[in-house]
Amino acid sequence: MKKFFNYAFAGAIALIGTYVFSGCTSDDEVVTDAVNPTYDSEKGTVNTQFVLNIAAADQSGMKKAPLHRSSATATQALGTNFRGLTDARILTYKQSENGKHLYDVSTSALSTRNYDLSNLLASGAIAADNSRRVVELALPIGTNTLLFYGRAPKPTSGANPSEYGNITYNVGDKATDTEFTTYARINGNTAAFSHTCTLLSTLMTRMANLGLHVEAPHDKYQSKSDRDYRVSYWSPGFLDAPYKTVSGSRTALAGDELAAAITAGTYTDVEGGVTYTYNGPISKDWRDYGVAYADPVTRITMKPLEEILGKAYVLMTTIRTVGGAAEIRSGSADGILSVIEDLWIVADKVASATATNEQEYIAKKMGQRIKNRFSNYFQRDDVNGVTFKDLASIKTAFNTYIDVDLNVLTNAIDPNTFPEALNLPDGAAQLTFDPTANSNTGAFSYATTISVFKPVSDNTTTVDKFLYPAELVYFGNSPVRVSNETHAESNYPQTVANWDNDSYWVAANNLKGWVKNGAVANTTRSVAMQRDINYGTALLATTVKYGAAIIDDNQAACTEETSDQHITVNSTSFKLTGVIVGGQCQKVGWNFLKKDATGNDFNFMVYDSYIGSDGNGITVPSNTAQTSDFNYTLLWDNYDADNNKQPVFVALEFVNNSGVDFWGNANLIRRGSKFYLVGKLDPTGSSFPTSSRAKTDAANYILPPYKDDGTTDTEKVRVFMQDHKTTANFTISTSSLKSAYSTVPDLRSSQVSLGLAVDIQWEPGLTFNVELGQQ
């Protein structure tokens with residue numbers, strides 16, 4: 001995800017009372033304790049001016065981002081490209097005591113006013129010499145606490161939700177009504193997912209169940225008619241018909257003569273001096289070859305062409321287990337097409353072979369039958385390789401040959417785009433095979449509850465648990481400074497450091513009469529938000545590097561080979577194309593912590609598919625001393641009151657551009673296909689970041705969750721904290737590929753700690769150095 005951070009609000013919200021007077025310039029301070037003439041005694045309000053101050057990076061002295069991160073301009077990494085601020089809301093509160101921020105919503109949950117400031121700041125409006133905006137507000141008398149919410153605007157058209165995040169944004173009058181919800185990536189298209197799964201599993205079952213047999217209507221093969229695919233031949237040789245010689249000219253029997261010969265079982269060509277014998281009809285299932293190949297006793301009796309077909313069937317249908325971990329079979333378009341492409345090559349070779357005995361002749365016919373079935377659903381050419389035929393053609397083939405209700409395919413999508421077109425990772429489509437289904441002939445199906453695994457795990461989730469990243473949102477929660485004097489806008493403090501410095505708010509800086517921890521009265525003309533505005537989201541910064549120049553796969557454990565493959569990696573071998581973060585909730589409340597709501601647990605996963613500055617992925621440098629560019633993912637705080645310091649699992653999605661097929665955890669990762677490596681972010685031994693402002697400036701920087709006295713609970717260490725950046729430096733070690741998966745790993749029951757700091761900068765959060773595949 002291309003992220004837009006590194007601007008920090010100088011917390012600076014000021015509310016300046018309007019006052020009309022003569023004999024004063026715009027830079028003068030007007031001192032008066034008179035009632036503000038805008039005071040409305042009936043409504044109980046007094047007009048003020050709302051001033052928003054955002055400090056740019058060079059104002060605040062913030063740390064600048066390293067230059068090797070991706071797209072510094074697009075991410076605001078150097079503080080040079082403020083995106084703007086929209087959907088701004090200010091909520092006023094009258095608490096029983098002055099000098100408090102809002103932390104006990106059970107007694108102070110109802111705001112007295114909810115101000116919609118809409119598009120408060122335009123893109124590019126903030127710079128070192130231009131950091132304020134002023135709007136007039138009528139504040140209720142007695143206001144002593146302010147909440148502020150806002151978010152960065154998106155492009156007016158064509159905004160990619162994977163790039164900018166995607167949430168619902170609802171600020172209620174009551175704190176308990178405020179809710180921010182991350183959209184599910186499938187976005188209500190579960191029927192499209194389900195129907196496409198039905199289409200593809202039916203198609204693959206038809207492939208597995210094909211053979212040289214009779215397909216009776218409504219039988220276990222889902223046939224719609226009584227097509228007879230059995231084979232027969234005449235010997236000597238393997239002839240479709242016997243020959244008849246007349247006056248030295250030889251022709252094949254046909255018509256009634258051939259029918260009579262078949263009935264008789266033999267035919268003698270008198271002039272040719274040959275007696276032919278009819279053999280057949282012969283039935284054979286592709287599955288029969290697989291069963292024979294799977295048994296070492298019968299395998300040794302198989303002919304070469306039979307063995308080729310048997311091995312192909314086994315590889316297509318067997319869900320293997322290696323080291324206690326079950327294979328997770330890819331059911332994505334790319335996963336299926338890579339299998340079909342390999343099988344098509346096998347079928348080509350078998351179908352064109354020269355048979356030397358009956359077994360090989362039947363195997364040859366089986367190869368031709370496989371190719372014929374392929375042509376119903378797939379097409380291939382030298383440019384694109386194997387692809388699915390268009391959806392209409394597949395449905396027509398279904399309607400012609402098999403007994404299937406086309407209504408269950410109504411919402412199916414183009415299978416060539418599945419499941420990517422539904423905004424899901426390839427690994428969300430998981431294909432299984434049950435050899436006992438269809439009267440023990442076997443059937444493919446898609447997992448309705450998909451595996452989201454650690455190396456050995458039976459945890460499952462559903463596709464609607466995949467979420468978009470969060471958006472760049474802002475949060476302020478503060479008591480107020482008040483003044484009975486009118487102040488010129490130009491005199492307000494610049495930068496976080498000055499805004500938070502009490503000694504700056506004095507007459508020497510043209511800021512007379514300010515009272516800290518105050519409340520709005522009918523004499524008030526100026527109001528300032530004491531504390532800073534920060535990011536409401538957390539940030540994950542991800543890098544990847546190689547731990548060695550040569551990486552081993554898992555060939556020895558997965559095959560009959562005695563050694564692993566050794567893959568020499570370079571800068572194009574593996575491209576990072578996605579980041580999947582487990583342990584996320586979908587909804588957060590008024591304080592940007594998990595909201596108590598039905599179904600809102602930490603079993604969601606954020607899939608960030610916009611990787612790098614252009615969204616096309618990030619390469620891993622071949623130099624083992626170098627790391628990749630950063631990728632940034634916006635997330636919610638994963639504070640869990642019941643489970644402190646929970647580890648979080650992060651799956652990195654790569655494309656295999658190494659030029660070789662390699663063996664992962666329990667299956668083959670083909671060239672050009674996606675695979676997943678898992679890393680664990682474990683905060684168990686971590687303490688609250690000592691450089692966080694929650695530690696260094698606790699009086700001015702207070703972060704949820706709050707203690708009973710309203711201070712930051714720095715004992716609640718977690719992987720992701722709002723307004724903090726968590727850095728995860730992942731390493732692909734010599735053994736990482738042994739834990740590579742072709743689908744999504746187990747992230748469901750984990751939680752991630754992400755540090756996001758936005759008060760002109762992201763606060764430093766936890767840093768994890770993780771070897772992938774070593775949980």
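## Pockets, cavities and confidence

The lining of the second largest pocket is made up of eleven nonpolar, three polar and seven charged residues. Here Ala, Val, Leu, Ile, Met, Phe, Trp, Tyr, Cys and Pro count as nonpolar, Asp, Glu, Lys and Arg as charged, and the others, Gly among them, as polar. The structure is a predicted model, in which local features need pLDDT of at least 70 and side-chain atom pairs count only at pLDDT 80 or more, while totals for chains, interfaces and linings use all residues. Residues are numbered from 1 along each chain as its sequence is written, and side-chain values use heavy atoms, with hydrogens and water left out.

**Open space**

Pockets and cavities come from a 1 Å grid over the protein atoms alone: a cavity is a set of points where a 1.4 Å probe fits but cannot get out, a pocket is an open set with protein on both sides within 12 Å along at least five of seven lines, and lining residues have an atom within 4 Å of a point. Grid points are joined across faces, edges and corners, and a volume is the space filled by probe spheres set on the points.

The largest pocket has a volume of about 1200 Å³. It is lined by 43 residues, of which L315, R320, W663, L668 and R670 come closest to its centre. Several elements supply at least two lining residues each, including α6 (286-294), α8 (304-317), β42 (668-669) and β43 (674-681). Helix α9 makes the biggest contribution to this lining, with eight residues. The names follow DSSP runs numbered from the N terminus: helices are H or I runs of at least four residues, and strands are E runs of at least two.

About 610 Å³ of space lies in the second largest pocket. Its lining has 21 residues, and N591, L593, K594, D596 and Y639 are the closest to its centre.

**Closed space**

How many cavities of 30 Å³ or more does a search of the whole structure find? There are four. The largest cavity has a volume of about 120 Å³. Among its 14 lining residues, those closest to the centre are F475, N477, D532, N534 and I702. Two elements, β28 (473-483) and β31 (534-535), give two or more residues to this lining, and β28 gives the most, with three.

The second largest cavity comes in at about 50 Å³. M204, M316, R329, S330, G335, I336, V339, L431 and F444 line it. Here β20 and α9 are the elements that give two or more residues, with the largest share, three residues, coming from α9.

This table sets the linings side by side.

| Site | Nonpolar | Polar | Charged |
|---|---|---|---|
| Largest pocket | 18 residues | ten residues | 15 residues |
| Second largest pocket | eleven residues | three residues | seven residues |
| Largest cavity | six residues | five residues | three residues |
| Second largest cavity | six residues | two residues | one residue |

**Sheets and a ring pair**

Strand β20, which also helps to line the second largest cavity, belongs to an open sheet of three antiparallel strands in the order β20-β23-β24. Its edge strands, β20 and β24 (443-446), each pair on one side only. Two strands pair if DSSP finds at least two bridges between them; β20 and β23 (residues 430-434) are joined by two. S330 has Q430 of β23 as its bridge partner.

A second open sheet of three strands, again antiparallel, runs β7-β8-β36. At its edges are β7 (167-170) and β36, each pairing on one side only. Two bridges link β8 to β36, and F180 stands opposite V588 in β36.

The model holds 34 aromatic pairs, where rings of Phe, Tyr and Trp (its six-membered ring) pair if their centres lie within 6.5 Å, with planes under 30 degrees apart counted as stacked, over 60 as edge-to-face and the rest as tilted. One of them is tilted, because the rings of Y149 and F180 have centres 5.6 Å apart and planes at 45°. Y149 lies in β6 (residues 145-151) and F180 in β8 (residues 179-182), so the pair ties together parts that are 31 residues apart in sequence.

**Confidence**

pLDDT is the predictor's confidence in each residue, from 0 to 100. The mean for the protein chain is 82, and 83% of its residues reach 70 or more. By element, helix α1 (residues 57-60) has the lowest mean pLDDT, 35, and strand β36 (residues 587-588) the highest, 98. Residues 3-32 stay under 50, and the model gives them 166 contacts beyond four places in sequence, a contact being heavy atoms within 4.5 Å. Where pLDDT is low, the predicted coordinates should not be read in detail.
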